[in-house]
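This report describes one structure, shown below. It begins with a single helix and then turns to the chain as a whole and to the nucleic acid surfaces.

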Protein chains: 2
Amino acid sequence: MRPKAGTRGPSRTRVFNAAAAEFAARGYAGANMDRIARAARLNKAMIYYHFGSKAALYRAILVDMFDDVGRRVRDVASSNASPDDKIRAFVAAIADAAAAHPHFPPIWLRELAEGGQHVDTATLTYARNVLETLAAIIHEGGAAGRFVPANPLVVHAGIVAPLMFFFVTDGIRAKLGRAGVTHVSNITRAGVVEHVQRIALAVLEGRVG
Amino acid sequence: MRPKAGTRGPSRTRVFNAAAAEFAARGYAGANMDRIARAARLNKAMIYYHFGSKAALYRAILVDMFDDVGRRVRDVASSNASPDDKIRAFVAAIADAAAAHPHFPPIWLRELAEGGQHVDTATLTYARNVLETLAAIIHEGGAAGRFVPANPLVVHAGIVAPLMFFFVTDGIRAKLGRAGVTHVSNITRAGVVEHVQRIALAVLEGRVG
DNA sequence: GTCTATAAATAGATAGAC
DNA sequence: GTCTATCTATTTATAGAC
C-alpha cells in the first residue's frame, strides 16, 4: 500500500497540508502557489519539485481524500452488523472522514459545483466505490426483508448532501447568528449525524411515503 | 443566425447573463472577464462600463438570485394553503428558482464552500428572509397541531442540500453513468422534488424517529 | 454606448546555484 | 532537497478615440 500523504517526508507533508487548506478556502482557480509555499514555510520551487504542477497537487489531495473515505466505508460494509446499523455506521463514517479532513467538504462541494472538472479516472473510481458500497448495504437490507427498494444514488445524496452542508456552513451559520437568526446555536455535529441516520433509515424502511 | 440565448437584449443584460454562466461554470476566481465579454459579444470595456468591477458584477448576480428565490418563497407563505401544502410548495419553489436560474445552484454551492466570502449584508438579508419564511410555515403547522417542533435550519438544509446536489451533479452523474454506475438515468427532477417533499413532511410530522 | 490598445499586476512554472 | 531569481502567460482594469 502506498504511504498516506503526510508520511513521506516533512517538506512534502507541509506542502500537502498547506495546499489542502488553500484549495479548501479558495478553490482550485483561487488557490495561489506562492501562498501555499509561504504557508508551508518553503519556496514555490519545492512544490513543483514534489508535485510537478498545480493540477497534480490538487489531484493528489482529491485521491487522498477519497482513499480515506473509501477505507472507512469499506470497513463498515465488511462488518457483520445488521443492515440498519451499517447504514448508521455509513453515515457516521462519512461524518468522521469529513471531521478528520476539514478541507474535504469545501473541496468536494466545489468539485460538484464545477461538474467534477478536476476529477480524473482514479479519483472517480474511489468515489464510485463509496457509492457501490452503499448500494451493497442497501441490497443486503433488501435481501433481509428490512429495506424497500431504493435508488442508491438518491440515498447517497440524502446522506452526503446534508452532511457536507453542515460541515461547510460553520462560517455562514455564525454570520446568520450574528444577524439575529435563532436556532443556530443548537445545531451540533452529533445531532445532524443522528438526524441524517434517521432519515436514511426512514427512507430505506419505507416510512416516508 | 439568431443570437444565442443570453446574448439577446440590451448590452447590460447580455453581460449579466454571460457573467452568470461564467461564474457558475468556473467560480469567482476562475471566471474570466475576457471570456464573459466574448460570450456577451461585447468587448471587455463594456463590462466595466456597466458594472465597474468583477466583484460588483458578481454581487449583482448574487442579489438577483436571492431576490427571485425570496419572492417565490414569500408567495408560498402568504397563500392560504394548508401547512403541508405550503411545505410542498416551498420545496417546489426552490426547485423552480433553481431551474429558472441554472447558474444559481453552482454559485450558491461555491458560496457556501467559501463561507459566504462574497456575501454582503444585502445578500445575507435576502437569504435570511428565505429561512424565516420557512420558519413561519413550520410554526404555523405547529400551531395547527400538524407539525412537531423542528429546527428550521435543519429542515431548510434537508430541503436545499439535496436539491442543490441534484441540480449541480448533472455532469458528474453523466460521468458516473459512463463509468458503469447503474441507477443514474432514472433520477429525474420531478422525482427528486417529490422525494424531498416527502422527507420534509415526514420530519415535520414526526414520522422519522 | 462602443470600441482598440495597453498598462499594471499577478501567477504558474523553470533555470541553475548550492 | 532547498534556495533565489526570473521567464512567460494570463488577467483585471483603464485610457482615450469615435
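## Helix 6 in both chains

Helix 6 of chain A (residues 104-113) is largely enclosed by the rest of the structure, because ten of its ten residues are buried. Buried stands for under 20% relative accessible area, exposed for over 50%, and partly exposed for what lies in between (1.4 Å probe, protein chains only). Helices are DSSP runs of H or I with at least four residues, strands are runs of E with at least two, and both are numbered from the N terminus. The buried residues of this helix include Phe104(A), Trp108(A) and Leu112(A), and also the charged-type residues Arg110(A) and Glu111(A). Just after helix 6 of chain A, Gly115(A) has a positive phi of about 70°.

In chain B, helix 6 (residues 104-113) also has ten of ten residues buried, so it is largely enclosed by the rest of the structure. Among them are Pro105(B), Pro106(B), Ile107(B) and Leu109(B). Gly115(B) follows helix 6 of chain B with a positive phi near 70°.

## Basis of the values

The model is predicted: local features need pLDDT of at least 70 and side-chain atom pairs count only at pLDDT 80 or more, while totals for chains, interfaces and linings use all residues. Residues are numbered from 1 along each chain as its sequence is written, chains are lettered from A and ligands numbered from 1 in the order in which they are written, and side-chain values use heavy atoms, with hydrogens and water left out.

## Chain A overall

Chain A has ten helices and zero strands. Its C-alpha trace spans about 60 × 50 × 30 Å along the principal axes. Of its 209 residues, 52% count as buried. Among contacts (heavy atoms within 4.5 Å) in chain A with a separation of 6 or more, 69% join residues 24 or more positions apart.

The exposed area of chain A is about 9,000 Å², with 54% of it from carbon and sulfur atoms; areas come from the Shrake-Rupley method with a 1.4 Å probe, and for residues only the protein chains shown count as cover. The chain carries 26 positive and 17 negative charges, whose mean positions are 8 Å apart. Lys and Arg count as positive and Asp and Glu as negative, without His and the chain ends; each charge is placed at NZ of Lys, CZ of Arg, CG of Asp or CD of Glu.

## DNA strand D

DNA strand D has 16 residues around it, and Ser11(A), Asn43(A), Met46(A), Lys44(B) and Tyr48(B) come nearest. A residue is near a strand if one of its heavy atoms lies within 4 Å of it. Helix 3 of chain A gives the most to this surface, with four residues.

Phosphate oxygens of strand D lie 2.6 Å from a side-chain N or O atom of Ser11(A) and 3.2 Å from one of Tyr48(B). For Lys54(B), a backbone N or O atom is 3.0 Å from a phosphate oxygen of this strand.

## DNA strand C

Around DNA strand C there are 15 residues, the closest being Lys44(A), Tyr48(A), Ser11(B), Asn43(B) and Met46(B). Of the strand C atoms within 4 Å of the protein, 55% belong to sugar or phosphate and the rest to bases. Helix 3 of chain B gives the most to the surface near strand C, with four residues.

A side-chain N or O atom of Ser11(B) is 2.7 Å from a phosphate oxygen of strand C, and one of Lys54(A) is 2.8 Å from such an oxygen. Met33(A) comes to 2.9 Å from a phosphate oxygen of strand C through a backbone N or O atom.

Technical notes
A polar contact is a pair of N or O atoms within 3.5 Å; within protein, one must be able to donate a hydrogen and the other to accept it, and residues adjacent in sequence count only if both atoms are side-chain atoms.
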